[in-house]
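Welcome, and please load the model in your viewer. Keep the selection tool at hand, and we will walk from stop to stop together.

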Amino acid sequence: MTLNTQVAIIGSGPAGLLLSQLLNKQGIESVILEKHARAHVEGRIRAGILEQGTVDILKEAGVGERLHREGLIHDGIGIQFNGTNHRIGFKADNTGRTVTVYGQTEVTKDLMDAHASRGQEPFYEAEEVRISGIEEGSPALHCIYRGAPLAVKCQFVVGCDGYHGISRGSIPSNILQTFERVYPFGWLGVLADVKPVSEELIYNKHEDGFALASQRSPTRSRYYIQCDANESIDNWPDERFWETLIHMFGPEVGSQIETGPSIDKSIAPLRSFVAEPMRHKSLFLAGDAAHVVPPTGAKGLNLAASDIHYLTEGMIDYFSTGTTSGLDQYSSRSLARVWKAIRFSWWFTNLTHRFPGDETHGMGHKIQLAELDYLVNSDSAKASLAENYVGLPF
Ligand code: APR
Ligand code: PHB
């Protein structure tokens, strides 16, 4: 079977779904090819902090209703070290903006429901997706769908297929530049139906490593602890996780942590990665296909949203007036914002994690404590953290 569309998208994560939804609002047709089944994509537990700009785009895409009802507005975070938690307020530190706690899983579900309700679901379980015709000016996607070949002819291909996707590989190697740092540790995350320990998130630096107290709702908590890069989840029964978490949060906060059976437990590697440029001819990259941040700054989903914002603007201009300037500027506009979030996430990770080889109470640890002490006592340092955490303007 051969389909004709304006924009062919690979991947139905938040980037692909949001792009297709925004294009549809403007009468621009798109088709999404997704390798996995809907249930698999929906089942992935990811971060849960939305910048105001991301909330605004989701509203614009027509999926703001449940987010508005169930999302929790936060106007500060806690930074804990030496056993004491220090609040950094966003409003007090003059950004005037807030973030919304709403799981990426829920964002994905809302976008998938919106697609389903207009009868335009992604082609789930599309196998062997490949791109053709980028160099020749005749872009198309090809895959095996339900056992038969499917071709999608289009004007533009957008790779929203995440870090492990295939689209980046279609940019010739003499043009594509990549930058990567893999951190020598991971995050072990647990989701549990217990009351969050604090109203706001707490980022905690302990001499044994980093821990984070996050949440999804007033009755659902998300906690993380730093772990070895090659750690196996089998070594972490719930009891060991809670014991370690409580120890790391110390007597003041740790003693208040409610424990319960985990409903999800996973280990995520930490990486900073950027691919440049984010466009080659009629192929565009967006979201994790082009850049990955460690989760410390909660920027992954928000960067996908800003990419899609720039790309949608460019495409709307192109399809309504034939102007290419928005598309021509897509890569440089996106990357300018991406690199600042890469920088922030890198900084926040370095400030709060224990690096293998660092001696307990050694120089690295002392420098981190000095910077943390400076951060929570300096109005300008707090304002800078707040400004980046709530999200730099699109
Ligand atoms: N063919 C088709 N689909 C593919 C292929 C392929 N070869 N490879 C990957 N995919 C799909 C994946 O199954 C996934 O559903 O592309 C999708 C990519 O989604 P995400 O990884 O969620 O990436 P993105 O939409 O850019 O979202 C960015 O989500 O992954 C988090 O931390 C990330 O928060 C960030 C946000
Ligand atoms: C989460 O709730 O999963 C979360 C929150 C903040 C982060 C990372 C993850 O920085």
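A cavity here is a set of grid points where a 1.4 Å probe fits but cannot get out. The model you are looking at is predicted, and by this rule it has four cavities of 30 Å³ or more.

**Stop 1: the largest cavity**

Select Glu51, Lys299, Arg337, Lys340, Ala341, Phe344, Asn388 and Leu392, which line the largest cavity. The volume of this cavity is about 60 Å³. Which helix gives the most to the lining of the largest cavity? Colour helix H8 and you have it: H8 contributes four residues.

**Stop 2: a three-stranded sheet**

Keep Glu51 on screen, since this lining residue also stands opposite Val99 in strand S8. Strand S8 covers residues 99–101, and three bridges join S4 to S8 in an antiparallel run. Now show the whole open sheet: three strands in the order S4-S8-S5, with antiparallel pairing. Strand S4 (49–51) and strand S5 (72–74) are at the edges with a single partner strand each, so one side of each has no neighbour in the sheet. Ignoring direction, neighbouring strands here are turned by 35° against each other on average.

**Stop 3: an eight-stranded sheet and its helices**

Next, select the eight strands of another open sheet, in the order S7-S6-S14-S15-S16-S13-S17-S20. The pairing in this sheet is mixed. At its edges you will find strand S7 (84–89) and strand S20 (291–292), each pairing on one side only.

Zoom in on the S7 edge. Strand S6 (residues 76–81) pairs with S7 in the antiparallel sense, over six bridges. To see one of these partnerships, pick Gly76, whose bridge partner in S7 is Gly89.

Then add helix H6 (residues 238–254), which packs on the sheet. Helix H6 touches S6, S7, strand S13 (177–192), strand S14 (202–206), strand S15 (209–217), strand S16 (220–228) and S17. The direction of H6 makes about 95° with that of S16.

Bring back helix H8 from the cavity stop and show residues 325–352 in full. Helix H8 lies across S6, S13, S14, S15, S17 and S20, and runs at about 125° to S17.

**Stop 4: strand S12 and its neighbours**

Move to strand S12 (residues 156–159) and turn on the side chains. Which residues point one way from S12, and which the other way? Phe156 and Val158 point one way, while Val157 and Gly159 point the other way. All four are buried. In a regular strand the side chains alternate between the two faces of the sheet.

Strand S2 (residues 7–10) runs parallel to S12 and is joined to S12 by four bridges. Select Val7 to find it opposite Phe156. Strand S19 (residues 283–285) also runs parallel to S12, joined by three bridges, and here Val157 stands opposite Leu283.

**Stop 5: the nonpolar cores**

Stay with Val158 and show what is around this residue. Leaving out residues up to four places away in sequence, Val158 touches Val7, Ala8, Ile9, Ile10, Leu19, Phe284, Ala286, Leu311 and Met315. The largest nonpolar core has 66 residues, and Leu18, Leu33, Val158 and Met315 touch the most other members. Helix H7 (residues 300–321) gives the most to this core, with eight residues. Apart from this core lies another of 31 residues, including Phe90, Trp187, Leu270 and Val376. In soluble globular proteins, nonpolar side chains tend to be buried together.

**Stop 6: backbone details**

Most residues other than glycine have a negative phi, and most peptide bonds are trans. Three places are worth a click with that in mind.

- Glu276 and Pro277 are joined by a cis peptide bond, with omega about -5°. Pro277 sits in the loop between strand S17 (262–276) and strand S18 (279–280).
- Glu128, in strand S9 (residues 127–132), has a positive phi near 50°. Is Glu128 buried or exposed? Glu128 counts as exposed because its relative accessibility is 63%, where exposed means over 50%.
- Arg146 also has a positive phi near 50°. Look for Arg146 in the loop between strand S10 (140–145) and strand S11 (148–153). With a relative accessible area of 71%, Arg146 is exposed.

Technical notes. Residues are numbered from 1 along each chain as its sequence is written. Chains are lettered from A and ligands numbered from 1 in the order in which they are written. This is a predicted model: local features need pLDDT of at least 70, side-chain atom pairs count only at pLDDT 80 or more; totals for chains, interfaces and linings use all residues. Side-chain values use heavy atoms; hydrogens and water are left out. A nonpolar core is a set of buried Ala, Val, Leu, Ile, Met, Phe, Trp, Tyr and Cys residues joined through side-chain atoms within 4.5 Å. Buried means under 20% relative accessible area, exposed over 50%, partly exposed in between (1.4 Å probe, protein chains only). Helices (H or I, at least four residues) and strands (E, at least two) are DSSP runs, numbered from the N terminus. Contact means heavy atoms within 4.5 Å. Two strands pair if DSSP finds at least two bridges between them. Axes are lines fitted to C-alpha atoms, for helices over the stretch in contact, and angles run from 0 to 180 degrees between N-to-C directions. On a 1 Å grid over the protein atoms alone, a cavity is a set of points where a 1.4 Å probe fits but cannot get out, and a pocket is an open set with protein on both sides within 12 Å along at least five of seven lines; lining residues have an atom within 4 Å of a point. Grid points are joined across faces, edges and corners, and a volume is the space filled by probe spheres set on the points.
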